[in-house]
Amino acid sequence: NNGDSATAPTDPIREGYVFIGWDKEFDNITENIIVTAQYELTNKPIFIVSSVTAKAGEENIKISIDVKQNPNVASIGLTLTYDKSLTLINISYNEDIGGYSMSSEHMTSPVKLTWISPLANVSGDFTFVTLEFTVAEDATGNLPIEITYNPDDVYDMTEENIEFDVINGSINVVE
């Protein structure tokens, strides 16, 4: 309706940058508007949770957690939280990076994702883990999938903490 608020688009991902918001507000919309994403250049390593679209009731929706601009990491511990309209059905760690991954005690939000490389740092970009979800039959809208971490849970072989930016993702339920 004329003058109502509009829903913001899904936060875009741009390699080497962190999305910081839109150039316009989404309230009191009276005509078509063009919004432009605003970014900040980052040199920090980044954890990126992918965003996808799916239908209500859809199964086996894959979401990746990627590591970008990684200097050298030997341990990653993340806490995964996700919308109650999602059911986590599988966690697959990237076996190509070596080391050991710890299976979570449970698959209900919040879930602890843990990996340790006892012999060497891993550098460069890689997919850390792939998650598979089922979307509830009555799900609607944008369903957030977010990660957080304690700085002491991400470090290199010398046990120096590595600070990462985080770009969280979602499953956007469409008709």
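**An all-strand chain and its aromatic contacts**

Phe47, Tyr149 and Phe164 form one aromatic cluster. This cluster is a friendly place to start looking at the structure above, which is a predicted model. The structure holds 4 aromatic pairs. In one of them, Phe47 and Tyr149 meet edge-to-face, with 5.8 Å from centre to centre and 75° between the planes. Phe47 belongs to strand β3, whereas Tyr149 sits in the loop between β11 and β12 (154-155), so this pair ties together parts that are 102 residues apart in sequence. Phe47 is buried, and its relative accessible area is 0%.

Another aromatic pair joins Tyr82 and Phe133. Here too the arrangement is edge-to-face, with a centre-to-centre distance of 5.1 Å and an angle of 70° between the planes. Tyr82 is part of strand β6 and Phe133 is part of strand β10, so the pair links parts of the chain that lie 51 residues apart in sequence. Both partners are buried: Tyr82 has a relative accessible area of 12%, and Phe133 has a relative accessibility of 0%. Since buried means under 20% relative accessible area, the value of 12% places Tyr82 in the buried class.

With these rings in mind, the view can widen to the whole chain. The secondary structure consists of 14 strands and 0 helices. Read from the N terminus, the order of elements is therefore β-β-β-β-β-β-β-β-β-β-β-β-β-β. Along the principal axes, the C-alpha atoms fill a box of roughly 60 × 40 × 25 Å. The chain has 175 residues, and buried residues make up 38% of them. Links between distant parts of the sequence also show up in the contacts: among those between residues at least 6 apart in sequence, 70% join residues at least 24 apart.

The surface and the charges can be described in a similar way. About 10000 Å² of the chain is exposed, and carbon and sulfur atoms supply 45% of this area. The chain carries 8 positive and 28 negative charges. The mean positions of these two sets of charges are 4 Å apart.

What lies inside? In soluble globular proteins, nonpolar side chains tend to be buried together. In this model, the largest nonpolar core has 37 residues, and Leu113 and Phe128 are the residues with the most contacts inside it. Several strands each supply at least two residues of this core: β3 (46-49), β5 (61-68), β6 (75-82), β7 (86-93), β9 (111-116), β10 (126-135), β11 (141-148) and β14 (169-174). The largest share comes from β10, which provides 6 residues. Leu113 gives a closer look at how such a core is put together. Leaving aside neighbours within four places in sequence, Leu113 is in contact with Ile65, Ile76, Gly77, Leu78, Leu80, Ile91, Tyr93, Phe128 and Val129.

Tyr93 also appears among the contacts of Met102. Not counting residues up to four places away in sequence, Met102 touches Tyr93, Thr114 and Ile116. Met102 is located in strand β8 and is partly exposed, at 35% relative accessibility. Between Met102 and Gly57 there are 29 Å in space, C-alpha to C-alpha, while the two residues are 45 apart in sequence.

Finally, a few places in the backbone deserve a look. Most residues other than glycine have a negative phi, and most peptide bonds are trans. Which kind of peptide bond runs from Ser109 to Pro110, cis or trans? This bond is cis, with omega near 0°. Pro110 is found in the loop between β8 (100-102) and β9.

Two residues other than glycine, Asn60 and Gln69, have a positive phi. For Asn60, phi is near 55°. Asn60 lies in the loop between β4 (52-55) and β5, where it is partly exposed with a relative accessible area of 43%. For Gln69, phi is likewise near 55°. Gln69 has its place in the loop between β5 and β6 and is partly exposed, with a relative accessible area of 27%.

Terms used. Residues numbered from 1 in each chain as written. Predicted model: local features only at pLDDT ≥ 70, side-chain atom pairs only at ≥ 80, totals over all residues. Heavy atoms only, no water. Helix = DSSP H or I, 4+ residues; strand = E, 2+ residues; numbered from the N terminus. Buried < 20%, exposed > 50% of the residue type's maximum accessible area, 1.4 Å probe, protein only. Contact = heavy atoms within 4.5 Å. Areas by Shrake-Rupley, 256 points an atom, 1.4 Å probe, with all protein chains shown as cover. Lys, Arg positive; Asp, Glu negative; His and termini not counted. Charge placed at Lys NZ, Arg CZ, Asp CG, Glu CD. Core = buried A, V, L, I, M, F, W, Y, C linked by side-chain atoms within 4.5 Å. Phe/Tyr/Trp six-rings, centres within 6.5 Å; stacked < 30°, edge-to-face > 60°.
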